[in-house]
There are 2 protein chains.
Amino acid sequence: MAREQQPKFRRAPPTVRREALIEATLACLRKYGHDGLSVRRIGAEAGVSAGLITHHFPSVSALIAASYETLSLSLLQSIDRQARESGTTARERLRRFYEAWFAPALLDPGIFNAWLVFWSMISHDAAMRAVHDRTYAAYRAALESLLRQLHRSEGVPRFRLRPAAIALSALLDGLWIEASINPRTFKAAEAVALCEDWTSALCAGAFPGLLLAPRPATRRRRPRQPRESPVIPA
Amino acid sequence: MAREQQPKFRRAPPTVRREALIEATLACLRKYGHDGLSVRRIGAEAGVSAGLITHHFPSVSALIAASYETLSLSLLQSIDRQARESGTTARERLRRFYEAWFAPALLDPGIFNAWLVFWSMISHDAAMRAVHDRTYAAYRAALESLLRQLHRSEGVPRFRLRPAAIALSALLDGLWIEASINPRTFKAAEAVALCEDWTSALCAGAFPGLLLAPRPATRRRRPRQPRESPVIPA
DNA sequence: CACACTGCTATACGGTTGTAAAATAGCAGC
DNA sequence: GCTGCTATTTTACAACCGTATAGCAGTGTG
């Protein structure tokens, strides 16, 4: 009987629907790369018609930018949460950050594929650029916070925070890319070990360009510390 | 007079035409990112009709793979040539490699944009995967050759070549990405300095995970050296 | 149960896409 | 100058693209 047929579709509140469309977008990126980003493909993945997308988002590129932000923030929150757990020393928290960074969920090639497509859009799309700037600033802040805590640890020589964060961030990104493009090159544990080595070298004062002059040992009041120079000496 | 009009097109030998189409493909990638990769766009950039592309290449994706290989090899040859010039010590050659890596030509955002698009295709296209494997192997071989020369230098502690090459490659890639996505974060000279710092730490034996046991000092014949372990200890 | 709200689909539009193949035209060689 | 080779253009095809909008249908409320 017609009255007893399943409904053709199920209505959902707009926020629920937008999240579902974002999930479908990320799933299409994983599966098909850049070719996954069409309203018909995303609609099919979400089980809705293509028209719903431009109903809920100003444009497809707005949906893509929202997806980038969702993925970035969820990964950063996951990593940050793991770094905060239970570790007592700054060194231990940094190590947990590395483990979270190279967790299986983050080394999923699908995540990396999605990231590549997002990155490739940054230079041509203002909304993507804005999302990148926000989420990257948050990521750098988290990393610098961990390095600042390390900086304050006993026995650690004083170092320049900003270039240290740059170098560590580069090492993390580079290893992540290597692990994603060439999964057989090394295991996640090897990547964590390489980063731990970097921390060991930093704590041993082995990066001449990152070192700051040590504090004088006296208890006399010292003048205001000079600001850290933004230029790394040659 | 009709007879005196310019010819409608100029014929070219197939190899010349293929190179021109590859150059046009790279130019379109620089300008438009992934959207640049259509036969009509590439044809317009090269000043020919779209049909010529599928005449000279089995498919558009074959042209894209050929473009990736051309770009990879030309950049690697340029870097390798600069690293070989005039530097006498292994340390100096490595430093020149860094300078070549962060040369303005390589930090061109257009190069990076092209690279991102190529990378995003590796996991979905067998021809792209094959090009990547070949050119990446060549790049790693060049890097390991430089590290091997450093390894033999006087005063340098023995280290594991392969994980050292992995870590250095990751740092280079990461800094290159950072410099390309966020050009204001640091200057090329700062990136070179960070890499030089990494070399200093390696030469100082500051990476515990990379160190090998030192050679015995006696002149007795030693048994064959054990093979370097592929697994980095935790 | 009827109705109103609004989430959602179906349809349409103008445009782009990659590939194939027939036809054209440049030009080297005789 | 003519001819044949082949580089290249032109045309066509089926499919996809993003967006807009009229109208449908789910469903909560009175």
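A polar contact here is a pair of N or O atoms within 3.5 Å; within protein, one must be able to donate a hydrogen and the other to accept it, and residues adjacent in sequence count only if both atoms are side-chain atoms. The model is a predicted one, with local features needing pLDDT of at least 70 and side-chain atom pairs counting only at pLDDT 80 or more, while totals for chains, interfaces and linings use all residues. Residues are numbered from 1 along each chain as its sequence is written, chains are lettered from A and ligands numbered from 1 in the order in which they are written, and side-chain values use heavy atoms, leaving out hydrogens and water.

Take DNA strand C to begin with. Val60(B) puts a backbone N or O atom 3.1 Å from one of its phosphate oxygens, and a polar backbone atom of Leu37(B) sits 3.2 Å from a phosphate oxygen of strand C. From the other chain, His56(A) brings in a polar side-chain atom at 3.0 Å from a phosphate oxygen. In total, 24 residues surround strand C (near means a heavy atom within 4 Å), the closest being Ala12(A), Arg17(A), Ser49(A), Arg11(B) and Arg40(B). Sugar and phosphate make up 66% of the strand C atoms that come within 4 Å of the protein. Helix 3 of chain A gives the most to this surface, with four residues; helices are DSSP runs (H or I, at least four residues), numbered from the N terminus.

Now for DNA strand D, which is also surrounded by 24 residues, with Arg11(A), Arg40(A), Arg17(B), Ser49(B) and His55(B) the closest. Sugar and phosphate again account for 66% of the strand D atoms within 4 Å of the protein. Polar backbone atoms of Val39(A) and Val60(A) lie 2.9 Å and 3.1 Å from phosphate oxygens of strand D. Helix 3 of chain B supplies the largest share of the surface near strand D, four residues.

Away from the DNA, aromatic rings turn up in 21 pairs over all chains (centres of Phe, Tyr or six-membered Trp rings within 6.5 Å). Phe97(B) and Trp101(B) have ring centres 6.3 Å apart and planes at 15°, so they count as stacked (under 30 degrees; over 60 is edge-to-face and the rest tilted). These two are four residues apart in helix 5 (residues 90-101) of chain B, so about one helical turn separates them. Both Phe97(B) and Trp101(B) are buried (under 20% relative accessible area, 1.4 Å probe, protein chains only).

Methods:
Buried means under 20% relative accessible area, exposed over 50%, partly exposed in between (1.4 Å probe, protein chains only).
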